Amino acid sequence: MIFGYFGNLLYIGLLLTNAIAILNEERFLARIGWSSSTASSSNAGFGQSPNPHMYNDAFGQNVNEGPGVKAKLINLISATRTLMRIPLIVVNVVM
Amino acid sequence: MAQPPYMSSRSPPPLQHPKPTHPAYPPPEPPHTPTGSSTTSSPYSQAQRISQDGYIRYSSPPVGESINQNENSNTSSFNAYSAPQQNSNNVNNRNGYNNIGTPVVGVGHAPGPQGYSNMNNNAFGGTWPGMNDATAQMGVQFGKSAVAAGQDYVEKNFTRYLPLHLIKVSFSVTNSYVLNKLRLVLFPWRHKTWSRQIKRSTVDGAMEGWQAPRDDLNAPDLYIPTMALVTYTLLSALASGLQSRFHPEVLGLSLSKSLAVVTLEFCAIKLGCYLLDVKGTGASGVELIGYGGYKFVGIIAVIIINMLGFGRIIWWSSFIYTFGANAFFLLRSLKYVLLPDASVSTVTTTLSHSQRSRRVQFLFFMAMSQVIWMGWLSRV
């Protein structure tokens, strides 16, 4: 290890990104209720929804707050899985 | 000058098509032209010669003449300004075109060497055909504008990922700022006002950022964190040398350790800001790195006290004191990032109670996590 702790940090980041990227949408995320499709539909209905309790039920939060931590996490996971799929192949090969 | 047949057969297809202004097709020549006596290189005679000899011979026009013809045709087609030796006879023109583009000769009648010699002639002849002053000016201007556009593009994308302006601003410090800031980091308990001063635009008084650290004590800089990081690296090497276990790797290892801590903390703050939906009205990434780097001041103090050798109790008390000071400093300094005041922020964000409490929890967690970093870094 040339870079010492800093290189370790890079490795940790790469492994964490790998771990996020391999989460399966249908088999895992939808089963625990973290599927991005439901989150996006809830976000689309946010503000104009005639039934605000739908949003409440989905995330257990107040309507005035904007997307909560869980919605943000789901968004982050789906974004990582979408965006990093191709670059991760290259980075995994190189490192 | 015998042309090898493979070259002519492999020669690329002719690039120049006959211009539409030109007469569409040459009038057919009389079939019984004596081949040896004709000096004009007509394609028909050429084809005849090919068919007679069985392979292509480049004999009929001498090389210089063919070049002249070709150049004539080129200059007359492209350039109306500089015509060095233009005869302006249509037959010559047509022959020039037909030399290149005639479909009658199936093997293409060796446009390759003629084109090369033509290019060479153009390149070394001094005057480019079709290059007078106006065209040259236009070309130069176009090139300049293209280069400028490219530079703008590079600068825009460069400053997006490496904000040089912010880095420059955060290094503009004065002596009094550095002294006061060091005192503030090590003894933050009596400091009253923690809010940063807003830099107002001189035109309309709109907020356009924060004041530089030269003018504002509460502004984060990068000078103190950088110097403290270098000092920490050297001090840890010195401390390990005092314990007679110095190795050159210690320098790189401690530097990489501290950089890893700074990076990790920066990533943690960024992730927390993303998860808590903090809109970007607060500090930039450079300033967040600066806030993370102030802990090295306390770590340096702890290391120095450790090197003086007062014993474990003094060391522990100094460590706890610097940790508390740093956590308090970070708590008060990062407050405006996570919990923007309504008076400061231009966008009035109304935070609900649960959101606010969650942000306060995150802030407290970030302040308390200093004990991990400082404890890890101060063991040298």
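Modeller: Before we start, pLDDT is the predictor's confidence in each residue, from 0 to 100. You'll need that here, since this is a predicted model.

Biologist: Okay, so how confident is the predictor in chain B?

Modeller: Chain B averages a pLDDT of 72, and 59% of its residues score at least 70. Helix H9 of chain B (residues 223-242) has the highest confidence in that chain, at 92. The lowest is in helix H4 of chain B (residues 90-101), with a mean of 45.

Biologist: What makes residues 64-125 of chain B a stretch to handle with care?

Modeller: Over residues 64-125 of chain B the pLDDT is below 50. The model does give that stretch 93 contacts beyond near neighbours in sequence. Still, where pLDDT is low, the predicted coordinates should not be read in detail. Residues 36-42 of chain B also have a pLDDT below 50, with 13 contacts beyond near neighbours in sequence. As for the model's overall scores, ipTM is 0.70 and pTM is 0.60.

Biologist: On to chain A. Which elements does it have?

Modeller: Six helices and zero strands. From the N terminus on, chain A reads α-α-α-α-α-α.

Biologist: Why are H1(A) and H6(A) called oblique to each other?

Modeller: Helix H1 (residues 5-21) and helix H6 (residues 85-94) of chain A pack at about 140 degrees, with axes 11 Å apart. Roughly antiparallel needs an angle over 145, and roughly perpendicular covers 65 to 115. The angle of about 140 degrees fits neither, so H1(A) and H6(A) count as oblique. Their crossing is left-handed.

Biologist: Which residues of H1(A) and H6(A) meet?

Modeller: On the H1(A) side you've got Leu14(A), Thr17(A), Asn18(A) and Ala21(A), and they meet Arg85(A), Leu88(A) and Val91(A) of H6(A). By class, that contact has four nonpolar, two polar and one charged residues.

Biologist: How do you know whether Leu10(A) is buried, exposed or partly exposed?

Modeller: Count the neighbours: Leu10(A) has 15 other C-beta atoms within 10 Å. Buried takes 20 or more and exposed takes 12 or fewer, so a count in between means partly exposed. That's why Leu10(A) is called partly exposed. Leu10(A) is found in helix H1 of chain A, and its C-alpha atom is 9.7 Å from that of Met95(A), 85 residues apart along the chain.

Biologist: How much of chain A counts as buried?

Modeller: Of its 95 residues, 11%. And among chain A contacts with a separation of 6 or more, 56% come from residues 24 or more positions apart.

Notes:
Residues numbered from 1 in each chain as written. Chains lettered and ligands numbered in written order. Predicted model: local features only at pLDDT ≥ 70, side-chain atom pairs only at ≥ 80, totals over all residues. Axes fitted to C-alpha atoms, helices over the stretch in contact; angles between N-to-C directions. Helix = DSSP H or I, 4+ residues; strand = E, 2+ residues; numbered from the N terminus. Left-handed = near helix turned anticlockwise from the far one by under 90°. Contact = placed C-beta atoms within 7 Å. Nonpolar A, V, L, I, M, F, W, Y, C, P; charged D, E, K, R; others polar.
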